[in-house]
Amino acid sequence: MSETNPKLRAALDGIPAYTPGRPAAGGTVSYKLSSNENPYPPLPGVLESVASSAHALNRYPDMACTALTAALAERFGVPASHVATGTGSVGVAQQLLQSTSGPGDEVIYAWRSFEAYPIITRISGATPVEVPLTPGEDHDLDAMAAAITDRTRMILVCNPNNPTGNAIPREELERFLDRVPPEILVVLDEAYTEFVRDPHVPNGLELYRDRPNVCVLRTFSKAYGLAGLRVGFAVAHEPVAAALRKTAVPFGVSQLAQNAAIASLGSEDALLERVDAIVAERARVQDELVAQGWQLPVSQANFVWLRLGGRTVEFAELCEQAGVVVRPFAGEGVRVSIGETEANDLFLKAAADFRRG
Ligand code: PMP
C-alpha cells in the first residue's frame, strides 16, 4: 500500500472537534443536562405525523421543503422567499459561511459562545475573530464593532448567548447593527428565543425587516423539542435566502423532519405551555442558586451558566456522582440545561453540596 495519503485542505488542521453533551449513564438514576435539549417529548401530533410519513421512506423528501417553508412564512409573517430551511440551524449557519466567507476573509463572533462557530468558520477556510465577552459575560458589541475590517464578511451574534444564557437588549443591538457596514452579513442566532422573557430583548425578526444584511437563525431543536430530527431555518432577505438554497445539501431535511416541524407549528398552545414550564423551572433554579450564594448571569435560555474556572471539572464530576450530566468547558465554567424537576433538584443539591465544600 502506498504511504501517501490524499491531500486534505490545510484549513482542517487543528479544527477542534465538536464535543456533544455526554449522554446520561443509565443504570442508577441519571439525567442528561448537557445538551440544552427539551425534557418534554415531541408536541401533540408530531409522533402521528412521523409515523404516517414513515411508509414513504423509500422516496426522497421534498427538496424545497415547500410546505414547511409556507407554514413558516405564514407563522412568522414573512415572505416565503425569505425562508430557507436546513439540517438544524447549525447546518444553516454552515451554509451562511459557505455563502459569505472563504480563505482570507474574517468572521467575528463573541467568545465564549456556541462552540460550533469556530469549527464551521475554520471549515470554510475563513479566519475566526473571537471577541471576548465582557467581565459581566455580555457580548462586547463595541469591541466587536471595532474588530470589523475590510476583510470581515460575517458576524455571528448569539442572542441569548450559549453557554452564558444572557441576552442583548434591543437598543444595544440596534446601535451595533447601525455600525455594521451593509455589505457584511450579521447573523442573529436565536436558537433559544422562545425562552426569552425579558421584554427588552428583541425578536430578531423585527430587526431583519429593514436591514438587508441581517439574517435570523432559528431551530426546531430546543423549544419545539425536535433535536433528533435536524431541522432549522433562516429568515433573510432574498439574495441571502437564495444563497442558502444554493448551498443546501440536496434533500438534507428528511420528510419526517419536515412533517414533524409542520405539526409542531400547529401545536402552539402546547408549545407555550411547555416553554412556560421550563421558564418557571429556570426561575426556580436561578433563585435557588442565588440563595446558595452563586453569582450567575440572568439566563433567558433553557440553561444556566456557572463560571467555575479551575474548579469546573471537579464540579461536573460531583454533579455526575449526584445523577446529572452537565456540560463542562474546562477552565471556564459549567453549563447546565434546565430539565425535568427531579433532575433540576439533583443539580441544585449537588450545587449546594459543592458550596459547603
Ligand atoms: N445555535 C445555538 C446558539 C445553539 O446552542 C445550537 C445548539 N446547541 C444551535 C445553534 C444548533 O442547533 P440545531 O443545529 O440543533 O438547530
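A crossover between two strands is called right-handed if, with the strands pointing away from the viewer, the path from the first strand over the helix to the second runs clockwise. Keep that in mind for the first close-up, and remember throughout that this is a predicted model.

**View 1. Strand S3, helix H4 and strand S4 build a right-handed β-α-β unit.** Start at S3, residues 106-111, go over helix H4, residues 116-124, and you end up in S4. S4 covers residues 127-132, and it runs parallel to S3, with 6 bridges joining the two. If you want one rung to look for, try Ala110, whose bridge partner in S4 is Val131.

**View 2. Strand S3 also pairs with strand S5.** S5 takes in residues 152-158, and here too the strands run parallel, this time joined by 4 bridges. Look for Tyr109, which stands opposite Leu156 in S5. S3 doesn't show much of itself to the outside: 5 of its 6 residues are buried.

**View 3. Leu156 gets a close-up of its own, in strand S5.** Is Leu156 buried or exposed? Its relative accessible area is 0%, and buried means under 20%, so Leu156 counts as buried. Who's around it? Leaving aside neighbours within four places in sequence, Leu156 is in contact with Val107, Ile108, Tyr109, Ala110, Tyr117, Met144 and Val187. Ala84 sits 72 residues away from Leu156 along the chain, and the C-alpha atoms of these two are separated by 17 Å.

**View 4. Ring pairs tie five aromatic residues into a cluster.** The members are Tyr18, Tyr109, Trp111, Phe114 and Tyr117. You've already met Tyr109 as the residue opposite Leu156. Across the whole structure there are 14 aromatic pairs.

**View 5. Strands S9, S12 and S11 form an open antiparallel sheet, in that order.** The edges belong to S9 (303-306) and S11 (327-329), each of which pairs on one side only. Neighbouring strands in this sheet are turned by 20° against each other on average, direction ignored. Between S9 and S12 (residues 333-337) there are 4 bridges, and Phe303 has Ser337 in S12 as its bridge partner. As a reminder, strands of a sheet pair through backbone hydrogen bonds, either parallel or antiparallel.

**View 6. Two arginines lie over the faces of aromatic rings.** Arg327 lies over Phe329, at 4.3 Å from the ring centre. Arg218 does the same kind of thing with Phe76, at 5.5 Å from the ring centre.

How values were computed: Residues numbered from 1 in each chain as written. Predicted model: local features only at pLDDT ≥ 70, side-chain atom pairs only at ≥ 80, totals over all residues. Heavy atoms only, no water. Pairing = 2+ DSSP bridges. Axes fitted to C-alpha atoms, helices over the stretch in contact; angles between N-to-C directions. Buried < 20%, exposed > 50% of the residue type's maximum accessible area, 1.4 Å probe, protein only. Phe/Tyr/Trp six-rings, centres within 6.5 Å; stacked < 30°, edge-to-face > 60°. Lys NZ or Arg CZ within 6 Å of the ring centre and 35° of its normal. Contact = heavy atoms within 4.5 Å.
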